Amino acid sequence: MRKLISGGCQCGAVRYHVKGKLGDASICHCRMCQKAFGSWGAVLVTVPLARLNWTRGEPAIFKSSPIVDRGFCAACGTPLFMFEKGDSNIDLALGTLDNPNIVPQLTSQIGVESKVAWFDSMRDLPQSSTEQTRSPTELAKLKTLQHPDHDTSVWPEISA
């Protein structure tokens, strides 16, 4: 039986499954990825389009160039993918996987002409956990409202 990988957006309106293993994962520093993700760039993992199935909702599409579509959740704005017209693969946003750690290693960095100047120094920054930087009162207020990292039959969950 083939391995089933699941993922989706932050609010749970859009969910997907991938049958089989994932392809290569890379960091893209291009200006389009910076704008699409509102960040320094994007971490993407390649998946054959034929093995991707949208299981809840459909992504909204923005054409970021004549040949590239970018999918996102229209309800919460989560960037979901990048797709180049005519390609048989789709590049999923790694953070949308229910378990991003199933990707053991990144294989490349692309679009480096747009890499922000401080990117390479991030590994040298001090690190701390959320519990170390928030008080117990603040932590109590941080109860997540996002979709859990697994499939649900109904979302949002209805509590009795």
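Strands here are DSSP runs of at least two residues, numbered from the N terminus, and two of them pair if DSSP finds at least two bridges between them. With that in mind, begin the tour of this predicted model by selecting β8 and β9, which form a hairpin with four residues between them. In the turn, pick out G86, whose phi is positive, at about 85°.

Keep the hairpin selected and look at how its two arms meet: strand β8 (residues 79-84) pairs with β9 in the antiparallel sense over two bridges, and M82 has D91 of β9 as its bridge partner. Next add strand β7 (residues 68-72), which is joined to β8 by five bridges, again in the antiparallel sense; here D69 is partnered by F83 in β8.

Now turn to β9 and select strand β4 (residues 42-48), which runs antiparallel to β9 and is joined to it by five bridges. Within this pair, P48 stands opposite N89. While β9 is in view, note that four of its five residues are buried, so that the strand is mostly covered, buried meaning under 20% relative accessible area.

Widen the selection to the whole open sheet, whose seven strands follow the order β6-β7-β8-β9-β4-β3-β10 with mixed pairing. Because β6 (60-65) and β10 stand at the edges with a single partner strand each, one side of each is left without a neighbour in the sheet. From one strand to the next, the twist averages 30°.

Next, show the side chains of the largest nonpolar core, which has 19 residues, with V18, L22, V45, L92, L97 and V103 making the most contacts inside it. At least two residues of this core come from each of β2 (15-19), β4, β8 and β9, and the largest share, three residues, is supplied by β8. Centre the view on L97, which, leaving aside neighbours within four places in sequence, is in contact with residues including I5, Y16, L22, V45 and V103. A second, separate core of five residues can then be selected, with C30, C33, A42 and L44 among them.

For the last stop, select T96, in the loop between β9 (89-93) and β10 (108-110). Is T96 buried or exposed? Its relative accessibility is 5%, and therefore T96 counts as buried. The side chain of T96 makes a polar contact with the side chain of Y16, at 2.8 Å. Not counting residues up to four places away in sequence, T96 also touches G7, G8, T78, P79 and L80, among others.

Notes: Residues numbered from 1 in each chain as written. Predicted model: local features only at pLDDT ≥ 70, side-chain atom pairs only at ≥ 80, totals over all residues. Heavy atoms only, no water. Buried < 20%, exposed > 50% of the residue type's maximum accessible area, 1.4 Å probe, protein only. Polar contact = N/O pair within 3.5 Å; in protein donor to acceptor, adjacent residues only side chain to side chain. Contact = heavy atoms within 4.5 Å. Axes fitted to C-alpha atoms, helices over the stretch in contact; angles between N-to-C directions. Core = buried A, V, L, I, M, F, W, Y, C linked by side-chain atoms within 4.5 Å.
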